[in-house]
Amino acid sequence: MALHPNRVKLFVGQIPRTSTNEELRPIFEEYGTVVELSVIRDKQSNTHKGCCFVTYSTRKEAEECISALHAKRNIPPSRNALQISYASGELEQYKLFVGMFPRTQTVEEFRALFEPFGEIDDVALLKLPGGASKGCGFVRYKEKADALSAIKGLNGHVMEGAQGPLIVKFADNERQKQIKQAMRTMQQPSSAGFNPFPPHMLPSMSAPGPRGPPFAPPPHMGRPGPFGPGAPHPHAPQGGQVQGQGGYQVPQMAGPSAGYMPPKGPPHPGMPLLPPPSHSLPHAHPHPHPHQHQHQH
């Protein structure tokens with residue numbers, strides 16, 4: 001790579017599926033130094049796909065190849081003309097992003113700042129909807145070495161009227177753009193809000209749970225206060241059925257002697273199992289079991 005810092009990769013389509021690297025190389029060497037040539041094959045079956053990559057030592061050689069062969073020449077036995085273009089993202093290595101450029105300067109001044117480092121292919125100064133400069137833009141060089149020189153010479157340079165030192169770096173390619181967009185999407189809060197608790201730790205009082213209808217506390221389990229735990233609420237009905245939350249019919253349980261009957265089955269994960277009130281514990285049998293006397297002896 002160090003021997004050819006300005007190397008450029010081309011994609012070539014419509015080559016014969018029987019052609020080999022050795023057969024193709026002389027065709028492309030007519031237009032410059034071929035650093036690398038490789039036929040593209042299917043990763044699973046190793047089948048020839050009828051296309052290849054050709055890497056030239058300079059962009060000038062690559063452009064001469066495109067000018068001479070693209071849509072103009074075919075390689076027998078194929079009757080279709082070759083289709084040649086820059087490989088995906090290849091030109092991005094010549095493109096620079098420039099930030100913190102003075103907003104009062106023009107695109108001509110923008111170009112003039114970068115021209116001393118090499119031949120420029122294109123420049124673009126980004127603007128706001130009203131036409132004012134955003135203070136950033138892009139510069140694309142003909143050669144990668146010139147782009148590297150511009151980064152070395154201008155990055156961190158302080159210009160009069162700028163909000164900070166110049167930022168000069170290679171522009172993001174498509175893959176880098178997709179990664180950054182995905183990261184921004186992940187960092188954005190959800191419109192539904194963030195709930196730090198697992199669903200099983202927030203049992204609903206109006207929607208069915210994992211073991212049937214929603215739970216509605218019996219009316220004798222009133223709010224904490226002077227009535228005490230297990231005491232009936234003063235406004236609770238004294239008979240019949242009570243309409244619970246979510247439409248569930250809860251049988252009326254009168255008086256503290258009814259006690260609290262915990263739901264059957266294991267509790268929700270993460271929720272402690274509370275013991276029943278002391279008044280609801282069963283009374284000891286007045287007469288011990290006959291087998292108990294045997295153990296006592």
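Modeller: Before we start, a salt bridge here is a side-chain nitrogen of Lys or Arg within 4 Å of a carboxyl oxygen of Asp or Glu. Also, keep in mind that this is a predicted model.

Colleague: Got it. Which residues are linked in a network of salt bridges?

Modeller: That network takes in Arg59, Glu63, Asp121, Arg140 and Lys142.

Colleague: And how many salt bridges does a search of the whole structure find?

Modeller: Six. In general, side chains of opposite charge can pair when their charged atoms come close.

Colleague: Back to the network. How far apart are N and O in the salt bridge of Glu63 and Arg59?

Modeller: They're 3.3 Å apart. Both residues sit in helix α2, which covers residues 59–69, and because they are four residues apart there, about one helical turn separates them.

Colleague: Is Arg59 buried or exposed?

Modeller: Arg59 is buried, at 5% relative accessibility. Glu63, on the other hand, is partly exposed at 32%.

Colleague: What does Lys142 form a salt bridge with?

Modeller: Its partner is Asp121, with 3.7 Å between the closest N and O atoms. Lys142 is in the loop between β7 (133–141) and α4 (144–154), while Asp121 belongs to strand β6 (residues 120–127), so this pair ties together parts 21 residues apart in sequence. Lys142 is partly exposed at 22% relative accessibility, and Asp121 is partly exposed too, at 25%.

Colleague: What about Glu29, which side chain does that one meet in a salt bridge?

Modeller: Arg25, at 3.7 Å from N to O. Glu29 is partly exposed, with 41% relative accessibility, and Arg25 also counts as partly exposed, with 28%.

Colleague: Switching topic: what does the disulfide count come to?

Modeller: Zero.

Colleague: Why no bond for Cys52?

Modeller: The closest cysteine sulfur, in Cys51, is 7.3 Å from the sulfur of Cys52, so it's too far for a bond; the cut-off is 2.5 Å. Cys65 is in no disulfide either, as the nearest cysteine sulfur, that of Cys52, is 9.2 Å away.

Colleague: Are those two buried or exposed?

Modeller: Cys52 is buried, with a relative accessible area of 0%. Cys65 is buried as well, also with 0%.

Colleague: Zooming out, how many helices and strands does the chain have?

Modeller: The protein chain has six helices and 10 strands. Of its 297 residues, 28% are buried.

Colleague: And the accessible surface, what does that come to?

Modeller: About 20,100 Å², with 57% of that belonging to carbon and sulfur atoms.

Terms used
Residues numbered from 1 in each chain as written. Predicted model: local features only at pLDDT ≥ 70, side-chain atom pairs only at ≥ 80, totals over all residues. Heavy atoms only, no water. Helix = DSSP H or I, 4+ residues; strand = E, 2+ residues; numbered from the N terminus. Buried < 20%, exposed > 50% of the residue type's maximum accessible area, 1.4 Å probe, protein only. Areas by Shrake-Rupley, 256 points an atom, 1.4 Å probe, with all protein chains shown as cover.
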